[in-house]
Amino acid sequence: MHGPARKEAHGTGRRVGVVVIGAGQAGLSSAYHLARSGLRPHRDFVVLDANPSPGGAWLHRWPALTFDAAHALHDLPGLRLGTPDPEEPASRVVGRYYSEYERTFALPVLRPVRVVRVEADDDGLLRVATPDGTWVADVVINATGTWDRPYWPHYRGRDVFGGRQLHTHDYRSADEFAGRRVLVVGGGTSAVQFVLQLHAAGATPLWSTRRPPSFTRRPFDAEWGREVEATVDARTRAGLPPASVVSATGLPLTAAYRAGIDAGILVSRGPLAALRERSAVFTDGTEEPVDVVLWATGFRPALDHLAPLRLREPGGGIAVDGVHVVKDPRLLLVGYGASASTLGATRAGRAAATAAAARLRAVASQSGVPGNLA
């Protein structure tokens, strides 16, 4: 479609057909299918990744998160993950797998390159600004996920609490909290795992959830997956922000979780009402001394760099139809909403690449410029 990425006369910027932002599951899947559609790496498309090495968000997960305790990682297209050692840290497994994937398919991943802004230019193209320069593209596939936007909820007294506060984003090991009273706030899988790890490490965990924990014995099978995706998809089509993962999936009642419940460890104290200098107050009126608060309160989509495009709907989210952004057909979102799981991200990558290639063919046809896709 285009020649090598280069400076263009109409403005400073390296010109390509497609820029993919992010090299996690969704971004790598998109890049693989872009190449399969006939686009040439580094000439027709590039992938900009803010991380220093392959692995996506998994690169930052705490070392104690072993592969068997992580959410299932689905194979990327064209290369099987195999059967990793379940006791190996998930960050190491995924980093190695993604690195092999990029190398096997010669994907044009440039790193570390952080995108700070995406905006429209006067020629109907999208300008992708980074500290190292600007890329100009016909289509942008955004695959930035959520890891860079940890959600810190507001609670009365959070600013006066005298102990340590940290988020899932910053958690590394339960061992550093031995002998401490740690309040874990959140109702998702990470919160459950933190409570069990803290107890095993000699800490005294207290668990606070806004609603009773949603443990379920239902098998997480294909039918369940379709129902979850349909629920999430309905929200994003309506322009509402994606809901939390656990609100759509529930918590699998594993043997380890069952044992924790039976031992009185995985028992929620109910909603948190406020923090005081050295304690936590719950909505039932009880108060407990606390040394540390661990906010396992999830993440929000990392989309601030898209703000210049004014995509937000009145409901606070970005309306999407599959991977298509309703307000701007030049932009495709993957790893957002229904495609936030690793399985959904893999499928969304293919859909986004197909849509991007079709748009490039349409642009080439309208302009009369011959290209390898026209």
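Tutor: Quick vocabulary first: helices (H or I, at least four residues) and strands (E, at least two) are DSSP runs, numbered from the N terminus. What you're looking at is a predicted model, where local features need pLDDT of at least 70, side-chain atom pairs count only at pLDDT 80 or more, and totals for chains, interfaces and linings use all residues. Residues are numbered from 1 along each chain as its sequence is written, and side-chain values use heavy atoms, with hydrogens and water left out.

Student: Okay, let's go. Where is arginine 300 found?

Tutor: Look at strand S16 (292–295) and strand S17 (320–321). Arginine 300 belongs to neither strand, but to the loop between S16 and S17.

Student: Why does arginine 300 count as partly exposed?

Tutor: Buried means under 20% relative accessible area, exposed means over 50%, and partly exposed is in between (1.4 Å probe, protein chains only). Arginine 300 counts as partly exposed because its relative accessibility is 33%.

Student: What about arginine 310: how is its phi unusual, and what is the value?

Tutor: Arginine 310 sits in the loop between S16 and S17, and it counts as exposed because its relative accessibility is 71%. Its phi is positive although it is not a glycine, at about 55°.

Student: Which residues form the positive surface patch?

Tutor: Patches take residues with over 30% relative accessible area and no salt bridge, joining like charges within 9 Å and nonpolar side chains (Val, Leu, Ile, Met, Phe, Trp, Tyr) within 5 Å. Accessible areas come from the Shrake-Rupley method with a 1.4 Å probe, and for residues only the protein chains shown count as cover. Lys and Arg count as positive and Asp and Glu as negative, with His and the chain ends not counted, and each charge is placed at NZ of Lys, CZ of Arg, CG of Asp or CD of Glu. The positive patch consists of Arg149, Arg210, Arg211, Arg300 and Arg312.

Student: How many salt bridges are there?

Tutor: Side chains of opposite charge can pair when their charged atoms come close. The rule here asks for a side-chain nitrogen of Lys or Arg within 4 Å of a carboxyl oxygen of Asp or Glu. By this rule the salt bridges number 14.

Student: Which residue does aspartate 138 meet in a salt bridge?

Tutor: Both partners are buried: aspartate 138 because its relative accessible area is 6%, and its partner because its relative accessibility is 10%. The N to O distance is 3.0 Å, and the partner is arginine 15.

Student: How many residues apart are aspartate 138 and arginine 15?

Tutor: Aspartate 138 is in strand S7, while arginine 15 is in strand S2 (residues 11–21). The pair links distant parts of the chain, with a separation of 123 residues.

Student: Let's move to aspartate 49 and arginine 111. What is the N to O distance in their salt bridge?

Tutor: Aspartate 49 counts as buried because its relative accessibility is 4%, whereas arginine 111 is partly exposed because its relative accessible area is 22%. Their side chains meet in a salt bridge with an N to O distance of 3.1 Å.

Student: Which residues are linked with Asp49 in a network of salt bridges?

Tutor: We've just paired aspartate 49 with arginine 111. The network takes in another residue, linking Asp49 with Arg111 and Glu102.

Student: What is the omega of the peptide bond from arginine 111 to proline 112?

Tutor: Proline 112 is in the loop between strand S4 (109–110) and strand S5 (117–120). The peptide bond leading into it from arginine 111 is cis, with omega near -10°.

Student: Is asparagine 142 buried or exposed?

Tutor: Asparagine 142 is in strand S7 (residues 133–142). Because its relative accessibility is 1%, asparagine 142 counts as buried.

Student: Which side chain does the side chain of asparagine 142 make a polar contact with?

Tutor: A polar contact is a pair of N or O atoms within 3.5 Å; within protein, one must be able to donate a hydrogen and the other to accept it, and residues adjacent in sequence count only if both atoms are side-chain atoms. At 2.6 Å, the partner of asparagine 142 is histidine 305.

Student: Last one: how far apart in space are proline 314 and glycine 239?

Tutor: Proline 314 lies in the loop between S16 and S17, and it is exposed because its relative accessible area is 85%. Proline 314 and glycine 239 are 75 residues apart in sequence, while their C-alpha to C-alpha distance is 7.5 Å.
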